[in-house]
Amino acid sequence: MSRSVPGPAESGLTVVVPCFNEVDNVEPSYQEIVAELGNLPLELLYVDDGSTDGTLDVIRALAHTDPRVRYLSFTRNFGFEAAFSAGYRYAGKPWLLHMDADQQFPAAEVGKLIIAAEAGNDAVFGVRTNRQDPLPRRWGTAAFHFLGRRVLRIEIPPGATAFRLVRTELARKIVDLRLGTPYFLATVPRLTSRYTTVQVAHRARERGESKVGFGFLSSHAIELFVGFTRRLTTMASAAAVLTAGISVLAGIAAATGLLGLTAASTLTFLMFSVLLTVLALSVRYLVVVGAGQARPRQFYIREANFPVDEDDRLYASAMAEIHPGERQAGVKNTEDTAAVRSLVILGGADGSVSTYHRARELGFRTICVDVRASAPAVALADEFVQVSVRAPEQIAAALDGRDDIAGVLCPASDVGLPALAWLTRHWNLPDPLPEAAVSASVDKSVFRELCDRLRLPTYRSVGGKPGPDLALAAQQLRFPTLVKPVDSSGSRGVISCASPGGLTTAFSDSLAFSPSGKLVVEEHLDGSHYTIEALAVDGRIVFHAVTRRTLTPPPFFVTASHLLPAGLPPVVDRALPVMLAALCAELGYRTGPLTLDAVLGRDGKFYLIEMGARMGGNGLAEAIEHSTGVDLIAAGIAAATGGEVVLSPRDPRPTLIHILASDRGGRIVRIEGVDEVRAMPAVHNLELFAEEDSYVKPYEQAGYKMGYAVLSAPTVPDVLAAEDEVRGTLKFLLDEQGAAVPLP
């Protein structure tokens with residue numbers, strides 16, 4: 001059964017615009033596309049096919065003003081199909097639309113293609129009504145389609161044009177085939193039967209000259225005829241045999257006097273012409289077949305404003321050109337550049353402290369963005385911007401014009417991910433975060449729908465605005481349930497509800513933590529809790545680690561510790577990388593960190609609960625490095641800045657994160673045992689966020705912790721014994737209420 005994929009209007013659309021000497025058309029076509037399609041999750045990918053008339057300069061200017069504009073420029077003119085292939089390979093959205101820069105197909109017609117795609121088609125081709133091209137070109141195209149479909153029986157969508165809407169996955173499959181003749185119209189039917197055509201308006205070219213002439217059409221026709229059917233070569237072989245026979249008979253007739261010399265010479269010349277044509281077709285067929293076997297490279301890229309594959313570059317420095325008003329993208333970190341490059345880190349909460357420490361060790365300057373001047377990481381940053389992480393335009397206004405920004409990070413919280421996605425596009429930084437990954441991270445109901453689409457183990461839940469409808473839907477679930485804001489993190493607003501009668505109160509309490517005013521009600525899963533930290537590079541999961549997580553008792557369910565290795569059952573351990581890869585593929589998430597919470601149910605199924613397209617905080621990366629030798633923070637920084645991700649994993653060593661927290665609130669009078677704990681052999685790091693004379697809150701949210709300790713030992717019993725020793729040594733003495741009680 002095929003997997004359902006959301007349509008372009010929901011999941012997003014990459015408009016691929018090939019350009020060859022279209023300097024007068026690029027900006028008008030951009031304005032029309034944005035005016036008609038700007039309300040969709042949109043990306044514009046311009047492919048400059050070696051233009052020599054200033055086309056690339058116009059594209060650069062558009063990319064500088066609109067973060068949705070991406071471009072790449074070939075080292076020379078590689079041709080129509082090569083431009084398609086490059087655009088399809090680097091499209092960032094689940095659907096792609098091909099539109100030529102000449103504006104002969106109105107952008108207003110795209111809606112017809114979208115409707116047909118959402119009806120379940122993998123590809124939708126536009127068919128011109130009232131075609132406005134010159135008469136010879138129309139006749140040529142008609143003859144081309146007639147010969148291809150009727151005579152040679154090649155399956156081509158009738159009347160199909162290059163104005164088409166296609167699933168990006170399908171388009172990439174065609175590119176990856178590396179056919180000797182990459183003819184898209186004829187390749188689609190070989191891969192899927194779910195395609196269709198729709199009639200669309202057509203208009204005359206207003207500016208510039210068409211690049212499609214008789215030579216182009218003839219070459220294109222031959223590429224199709226010899227690459228997608230044996231009929232032409234079979235007919236040519238039959239013609240060669242027939243010609244040879246006629247030539248022999250003509251020679252005999254001339255020798256016996258039955259045919260005059262002039263007639264025999266004329267007939268021989270005609271037969272020789274036929275043989276030369278057959279020879280030309282045979283040679284062309286051998287070239288196409290041989291090229292397909294050699295898997296030729298269709299293009300080389302001279303310049304792009306986003307990272308491209310090394311193999312697609314002609315020069316190692318292809319991405320290093322900097323143009324006025326633009327910021328460099330995709331350059332690997334070096335000691336010289338890292339010393340003067342800055343990281344914008346969204347959020348200064350305690351969970352992000354380790355990221356600031358590691359960035360400084362790697363030679364980066366750090367810019368902390370947080371609305372709270374008292375946030376723990378502010379003191380660790382080289383620079384502070386007092387702006388909400390929910391306000392990307394304000395962040396950009398504070399930092400625009402600088403040439404030292406190398407990347408944007410959002411560790412330990414999903415709140416800043418929409419801003420991260422916006423800023424990476426605004427500043428043309430490497431691997432901008434796909435909108436689908438943002439939505440799945442900041443909205444728990446979207447993530448649940450994602451798991452349902454992928455047929456991953458799931459559990460019942462309902463979501464929406466709190467009210468009678470949501471309460472009625474929630475009453476159909478099995479109680480107890482958990483009521484959660486769809487857009488919070490750190491266990492904020494998670495309310496346990498024992499019976500339907502408690503829904504109204506739970507809605508009210510949880511709603512206070514939801515900026516969007518939306519909640520999700522989930523059936524409670526009974527089982528063991530886990531956290532997954534993973535890293536994707538170029539669309540592959542290159543590393544993942546799992547921690548066994550303990551939680552505080554109901555009603556708050558806040559993390560109290562992490563232990564790794566987690567000891568998952570072998571069948572789950574083998575299935576997990578496949579699940580993670582499926583998530584990334586569905587989200588279009590190619591490079592970056594990923595953190596997820598999961599539950600191994602008593603039924604043996606492994607349920608993914610929620611995700612964040614970011615690094616986890618609270619010492620997780622430190623613990624994973626101590627356990628496996630993999631520096632996830634350095635890897636995440638490299639991914640965010642276009643650097644090389646280097647991983648050197650080793651066999652895991654038992655490691656534990658112990659959260660320091662209190663079950664009551666009050667003012668800290670004295671902290672005892674700090675030096676003793678730091679001197680313990682098993683303690684690798686002790687991070688304190690509370691100090692004497694400061695006030696602490698009961699540990700009802702992850703943000704209310706007083707610190708954490710990272711411990712490591714040769715065996716799991718050893719590391720658990722070390723945790724008990726830390727718990728018994730480190731004491732936070734509160735005022736009149738007495739000592740803070742450490743969590744179990």
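In which loop is Pro 480 found? Keep that one in mind; the tour reaches Pro 480 at a later stop.

**Before you start**

This is a predicted model, in which local features need pLDDT of at least 70 and side-chain atom pairs count only at pLDDT 80 or more, while totals for chains, interfaces and linings use all residues. Residues are numbered from 1 along each chain as its sequence is written, and side-chain values use heavy atoms, with hydrogens and water left out.

**Whole protein**

Show the cartoon. The protein has 24 helices and 27 strands. Both are DSSP runs numbered from the N terminus: helices are H or I with at least four residues, strands E with at least two. Now show the surface. The accessible area is about 31800 Å², and 55% of that belongs to carbon and sulfur atoms. Such areas come from the Shrake-Rupley method with a 1.4 Å probe; for residues, only the protein chains shown count as cover. Of the 744 residues, 53% are buried. Buried means under 20% relative accessible area, exposed over 50%, and partly exposed in between (1.4 Å probe, protein chains only).

**Stop 1: the eight-stranded sheet**

Select strands 1 to 8. They form an open sheet in the order 7-5-6-4-1-2-3-8, with mixed pairing. Two strands pair if DSSP finds at least two bridges between them. Strand 7 (195-201) and strand 8 (301-304) are the edges; each has a single partner strand, so one side of each lacks a neighbour in the sheet. Neighbouring strands here are turned by 20 degrees against each other on average, direction ignored.

Zoom in on strand 8. Strand 3 (residues 69-74) runs antiparallel to strand 8, joined by three bridges. Look for Phe 74 opposite Ile 301.

Add helix 2 (residues 26-37). It lies across strands 1, 2, 3 and 4, at about 160 degrees to strand 2. Angles run from 0 to 180 degrees between N-to-C directions, with axes fitted to C-alpha atoms, for helices over the stretch in contact. Contact means heavy atoms within 4.5 Å. Next add helix 3 (residues 55-65), which lies across strands 1, 2, 3 and 8, at about 155 degrees to strand 3.

Now pick Asn 21, in the loop between strand 1 and helix 2. Its phi is near 55 degrees, a positive value in a residue other than glycine. Most residues other than glycine have a negative phi, and most peptide bonds are trans. Asn 21 is partly exposed, with a relative accessible area of 23%.

**Stop 2: Pro 480 and Lys 484**

Pro 480 sits in the loop between helix 18 (468-474) and strand 14. The peptide bond from Phe 479 to Pro 480 is cis, with omega near 10 degrees.

Move into strand 14 (residues 481-485) and select Lys 484. Is Lys 484 buried or exposed? Lys 484 is buried, at 6% relative accessible area. Its side chain makes a polar contact of 3.0 Å with the side chain of Glu 522. A polar contact is a pair of N or O atoms within 3.5 Å; within protein, one must be able to donate a hydrogen and the other to accept it, and residues adjacent in sequence count only if both atoms are side-chain atoms.

**Stop 3: the hairpin**

Select strand 17 (residues 527-537) and strand 18 (residues 540-551). They pair antiparallel over nine bridges. Ala 536 has Ile 541 as its bridge partner. Two residues lie between the strands of this hairpin, and Asp 538 has a positive phi near 55 degrees.

Carry on to strand 19 (559-564). Four bridges join strand 18 to strand 19, again antiparallel. Pro 565 follows in the loop between strand 19 and helix 20. The Leu 564 to Pro 565 peptide bond is cis, with omega about 5 degrees.

**Stop 4: the cores**

Show the side chains of Leu 346, Phe 606 and Leu 608. They have the most contacts inside the largest nonpolar core, which has 54 residues. Such a core is a set of buried Ala, Val, Leu, Ile, Met, Phe, Trp, Tyr and Cys residues joined through side-chain atoms within 4.5 Å. Helix 20 (residues 570-587) gives the most to this core, with seven residues. A second, separate core has 36 residues, including Leu 535 and Val 710.

**Last stop: helix 21**

Select helix 21 (residues 620-628). Seven of its nine residues are buried, among them Glu 622 and Ser 627. Just after the helix, Gly 629 takes a positive phi of about 85 degrees.
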